[in-house]
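Student: Could you take me through one part of this protein closely, the open sheet and what packs on it, and then show me how a few other spots look beside it? I work at the bench, so plain words would suit me best.

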Amino acid sequence: MIEKLKYVTVSGPNNDIDRVIDCYLSKYEIHLENSMQELSASLSDLSAFQEVNPYKDVLAKGKKYLEYIDTKKIKANPDMDLDDALSFMEEEIFQIDDLNTRINNLKKSLEETREKYNAIHPFVNIDYDTDAILALDHIKFRFGRIPLIHYPKLQDYVENNESSIFIKCDTDEDFVWGVYFVPESEARKIDVTYASLRFERTFIPGYLGGTPDEACEKLEEKIKNLEKHIANQEHEIEKNIIEHKTEIYSSYLRIKRASDNFDVRKMATHTVYNTENYYIICGWINSKDADKLKEETSNDKNVILILEDTNGMDDQTPPTKLKNPKLFKPFEMFTKMYGLPAYGEMDPTIFIGISYSFIFGAMFGDVGQGLVLVLLGFLLYFTKKMNLGYIIGCCGIFSTIFGFMYGSFFGFEDIINPLWLSPTQAKTKIPIIGELNTVFGVAVIFGMFLILLAMIFHIINAVRNKDILNTFFDTNALSGFIFYGSLTAIVILACTHNPIPAGFILAIMFGVPLLLIALKEPITGLITKEKPHEKTSVGMFITQTFFELFEVVLSYFSNTLSFIRIGAFALSHASMMAVVLMLSNAENSLAHANWFIIILGNIFVMGLEGLVVGIQVLRLEYYEMFSRFYKGSGREFIAFNKGDK
């Protein structure tokens, strides 16, 4: 169902906009329209609001604080004043920002200390005072590393050259770390040689004191102290937030409401006269809330409220707000996947809720597996709030029902007697075709009735839109309904071995509707007195009409045969479970059955076939039924808030 809406326009003095939004509009779900675009053609002295939302920064920080607390266990204060909320949040932000500043300074110091540690650690094997090395005047030193693959060349060079001493310190999988010493006079030449051997210099910080090993110990101790101080400061932040969690959450909600209300300005406009200026807000509201809002603002002299019904508003396209019973609401997911209905178009949610579950059950009829789907689906829905889980649960109910009708329980067909038939055994004689599984014939006839029902929906939509062509002469209109209804009646008469009407009557039943479909454009033009956009010669018209009619008849035939898949999957389910029972040796005796294979086979069939059947049913819904009556060209109703009801 689509909720009936009214177009609302609210205006008043500019300086009163915040009060009106907070006191009145925020209580209701209103889909706002851009007032500047809506009214610019009728009013020239309009301007958009340019103010920046003053609550965004406070709100962003408040949202970070909520990460520390479980809001589900907090009862917020709904009556908190905005000034009190802002004052409290600003004070809280000041305290936490001060703690964050300390943490940032400590982290910066920690990063610098770690860099020093990483620089000196590879040289812990040097048993010399670092500061003493750094203070050398006539001997040059170079700390660094050389790739492991080039280290043998360096060894050869050092052994054959007495101008430098290399002290190896540490080794990892890629590099050898060390330090070499050279006389000051030879430093430039030796540096070039070491560089050619891929030696990479590392600069050691000064004033560490002691040997590299002693310096690393001091740096490790400093790192631990800094990490401890950071953890303490972070704990202080968490402690502060938890102590004031109720006030923080209450303040956040109140500021968020103020922020959402302020954002209404993005969709509003105001006049730019020299005298007093007025704001204008336009949008859509459901009829029930519209009456309440009108009554609530009736005595407010600063509020001008105008309500307009959708009737006669040809230049306005209302958004779509779905309103279905709770039993069918999760199936709105399938409707939205195809496209929201346009305002005034039929909402197919209830139809798809019933037909999808019914067809799924017919294709996947098994008492045991159906009950598993019920338990699993509703468990997902009530614990995870998954709409798909609810749909699976509903499908499981119909699977269980059809399981009783087919006499199938986890694939076993000899435990319960079928209330209707066994898909693999029931046969029916069909004229011309011969003997056929009953489920195939029933599936086709059932599909024909669904197609007729979709045509009725098409006619209803056309009547609502006052569309003559789609009411009487289209393939899915009254003419198409009569033609396909006649075909359905003939098929039923033939299958039940009843006499078929005479050829003259058949010619009328099929010929007249096809003739009306063929001449739909000329007839519609005569009724509406509209001239065709392009003139077509008689020969071209006849040729085009012939191929169109051929395509129409062919599409009726192919659409009808699509429903054979209902019977085919009912048979395939029984066949797949028969294979499982055969592999588990349970065909003849349960005493010697392999229950592991039975359980594993049932899980496999439920997973694989359940997924395939779900997709195939959705395909039938969209391509064989929705395409006949449903466009799905609507736009969603999006309230600027969730309402505070």
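Tutor: Here is a walk through the sheet, followed by a hairpin, a cavity and several single residues.

Please keep in mind that this is a predicted model. Let's begin with the sheet itself. Four strands form an open sheet in the order E5-E6-E4-E7, and their pairing is antiparallel. E5 and strand E7 (200–201) are the edge strands; each has a single partner strand, so one side of each has no neighbour in the sheet.

Now follow the pairings. Strand E5 (residues 165–171) is antiparallel to strand E6 (residues 175–183), with six bridges between them. A hairpin of three residues connects E5 to E6. If you would like a pair to find on screen, look for Asp170, whose bridge partner in E6 is Trp177. Towards the other edge, strand E4 (residues 139–147) and E7 run antiparallel and are joined by two bridges. Here Gly144 is the residue to look for, standing opposite Arg201 in E7.

What packs on the sheet? Helix H7 (residues 187–196) does, touching E4, E5 and E6. The direction of H7 makes about 160 degrees with that of E6. Helix H6 (residues 151–159) also lies across E4, E5 and E6, and H6 runs at about 155 degrees to E5.

From here we can jump to another part of the chain. Asp156 and Leu506 are 350 residues apart in sequence, and their C-alpha atoms are 107 Å apart in space. Leu506 belongs to helix H18 (residues 503–518). With a relative accessible area of 22%, Leu506 is partly exposed, because the buried class stops under 20%. Leaving out residues up to four places away in sequence, Leu506 touches Ile490, Ile500, Pro501 and Gly511.

Lys520 makes a useful comparison. This lysine is in helix H19 (residues 520–528), and its relative accessibility of 18% puts it in the buried class. Beyond residues up to four places away in sequence, Lys520 touches Leu469, Phe473 and Asp474.

For a second hairpin, turn to strand E11 (residues 427–430) and strand E12 (residues 434–437), which run antiparallel and are joined by four bridges. Thr428 stands opposite Leu436 in E12. Three residues lie between the strands of this hairpin, and Ile432 takes a positive phi near 75 degrees there. That backbone angle deserves a glance, because most residues other than glycine have a negative phi.

Two loop residues also have a positive phi. Phe410, which is not a glycine, has a phi of about 50 degrees. Phe410 sits in the loop between helix H14 (387–406) and E11, and at 25% relative accessibility it is partly exposed. Lys466, likewise a residue other than glycine, has a positive phi near 55 degrees. The loop that holds Lys466 runs between helix H15 (438–464) and helix H16 (468–473). With a relative accessible area of 74%, Lys466 is exposed.

Next, the inside of the model. There is one cavity of 30 Å³ or more, and the largest cavity has a volume of about 50 Å³. Its lining is made by Gly365, Tyr406, Ser408, Glu413, Pro423, Ala570, His573 and Ala574. Helix H21 (residues 564–583) gives the most to this lining, with three residues. By class, the lining has four nonpolar, three polar and one charged residues.

Tyr406, one of the lining residues, can also serve as a landmark for Met625. Those two residues are 219 residues apart in sequence and 26 Å apart in space, C-alpha to C-alpha. Met625 lies in helix H22 (residues 595–629) and is buried, with a relative accessible area of 0%. Setting aside neighbours within four places in sequence, Met625 is in contact with Phe351, Ile359, Leu450, Ala454, Phe563 and Leu620.

Let's finish with Ser259, in helix H9 (residues 245–262). Ser259 counts as buried, at 0% relative accessibility. Not counting residues up to four places away in sequence, Ser259 touches Asn53, Tyr55, Lys56 and Leu59.

Conventions
Residues numbered from 1 in each chain as written. Predicted model: local features only at pLDDT ≥ 70, side-chain atom pairs only at ≥ 80, totals over all residues. Heavy atoms only, no water. Buried < 20%, exposed > 50% of the residue type's maximum accessible area, 1.4 Å probe, protein only. Contact = heavy atoms within 4.5 Å. 1 Å grid on protein atoms, 1.4 Å probe; cavity = no way out; pocket = protein on both sides within 12 Å on 5 of 7 lines; lining within 4 Å. Points joined across faces, edges and corners; volume = space filled by probe spheres on them. Nonpolar A, V, L, I, M, F, W, Y, C, P; charged D, E, K, R; others polar. Pairing = 2+ DSSP bridges. Axes fitted to C-alpha atoms, helices over the stretch in contact; angles between N-to-C directions.
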